[in-house]
Amino acid sequence: MTGFSSVDHPLVTFVIPVRHQDNARDWSALKANLTETVASIANQSNPRWRALIVANRGADLPPLPERFDVEWADFSPNVLHEIKHSPSKEDFLDAFRLDKGRRVLAGMLAGRDTRYFMIVDDDDFVSSNLVEFVSTHVGESGWVIDRGYIWDHGGSIVMEHDDFNHVCGTCLIIRADLYELPVKFDDASPIWIKSMLGSHHRITEFLASRGAPLSPLPFIGAVYRVAHGGSHSKTPSLITKYFLSKYAVKRPLRTLRNIFRVRRITPQLRREFFGS
């Protein structure tokens, strides 16, 4: 990893964990999606940020703009990366949390001189206003993105989701000291890694129990990309899940509300989230 001479003490550090090359169904697709995620992050209106991509040594990554760097890792592939290879769903999720969490930890230890961390999945998008918002609320524990957009890969519409943090991992901005990071990587237990860094559900409950609850972000903060071949969660398309599934049919009022939450991707929305 090289130094961050242009941003020695950033306000926000974005950490983007990238799976092992052997766990990618289509590396070229992953790389293309990552390129778009990078463009989204790089579009921040306030320059007090940096980004760290954590990838296995030898991974073919796209060109990176200013304020991005790579923390190269030597982690083994996740042998339970696919649920069909796992003894149970819980084993599958447990292995995922450990694999993602240790990559996040490597990135955080490399960028621990920041005020806030945000973990961003390598195929999602974030609002260009995040760092500016944090700059006006320095000192607060952090925020949960409970309102976001669901977007079909390559589509022309999005749907606003009011429980976003329960469907997408790109949903937390947390003050760095609250993680209580270890001095070195080997000091962290697997249980801590899985609970604090590998799951976006568990840490919110933990911080609340410690008297440092996260506040809802007061605007739509991220976009969850679905329905693409490389998706680890295999989330179906927006139309299929929210309008045509058995879940949608059984909840007609919810489905009707979702219809009114569908938006076309306007030039303004594209500039804010997609960096173009």
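**Exercise 1. Which residues make the nonpolar surface patch, and what is its area?**

Solution. The patch is made by L253, L256, I259 and F260, and its area is about 450 Å². Patch residues have over 30% relative accessible area and no salt bridge, and nonpolar side chains (Val, Leu, Ile, Met, Phe, Trp, Tyr) are joined within 5 Å. A salt bridge is a side-chain nitrogen of Lys or Arg within 4 Å of a carboxyl oxygen of Asp or Glu. Areas follow the Shrake-Rupley method with a 1.4 Å probe. Next, take L256, which is found in helix α8 (residues 252–259). Helices are DSSP runs of H or I with at least four residues, strands are runs of E with at least two, and both are numbered from the N terminus. L256 has 45% relative accessibility and therefore counts as partly exposed; buried means under 20%, exposed over 50%, and partly exposed in between.

The model is predicted: local features need pLDDT of at least 70 and side-chain atom pairs pLDDT 80 or more, while totals for chains, interfaces and linings use all residues. Residues are numbered from 1 along each chain as its sequence is written, and side-chain values use heavy atoms, without hydrogens and water.

**Exercise 2. Classify the ring pair of F75 and F185, and place both residues.**

Solution. The structure holds 11 aromatic pairs. Rings of Phe, Tyr and Trp (its six-membered ring) pair if their centres lie within 6.5 Å; planes under 30 degrees apart are stacked, over 60 edge-to-face, and the rest tilted. For F75 and F185 the centres are 5.7 Å apart and the planes at 35°, so this pair is tilted. F75 is in the loop between β3 (68–73) and α2 (89–110), and F185 is in the loop between β9 (172–175) and α4 (190–197), 110 residues apart. F75 is buried at 15% relative accessibility, whereas F185, at 27%, is partly exposed.

**Exercise 3. Repeat this for W151 and F274.**

Solution. The ring centres of W151 and F274 are 5.1 Å apart and the planes are at 70°, so the pair is edge-to-face. W151 belongs to strand β7 (residues 148–152) and F274 to helix α9 (residues 267–274), 123 residues apart. W151 is buried at 7% relative accessibility, and F274 is buried at 9%. Finally, R270 lies over the face of F274, at 5.4 Å from the ring centre; the criterion is NZ of Lys or CZ of Arg within 6 Å of the centre and within 35 degrees of the ring normal.

How values were computed
Buried means under 20% relative accessible area, exposed over 50%, partly exposed in between (1.4 Å probe, protein chains only). Patches are made of residues with over 30% relative accessible area and no salt bridge: like charges are joined within 9 Å, nonpolar side chains (Val, Leu, Ile, Met, Phe, Trp, Tyr) within 5 Å.
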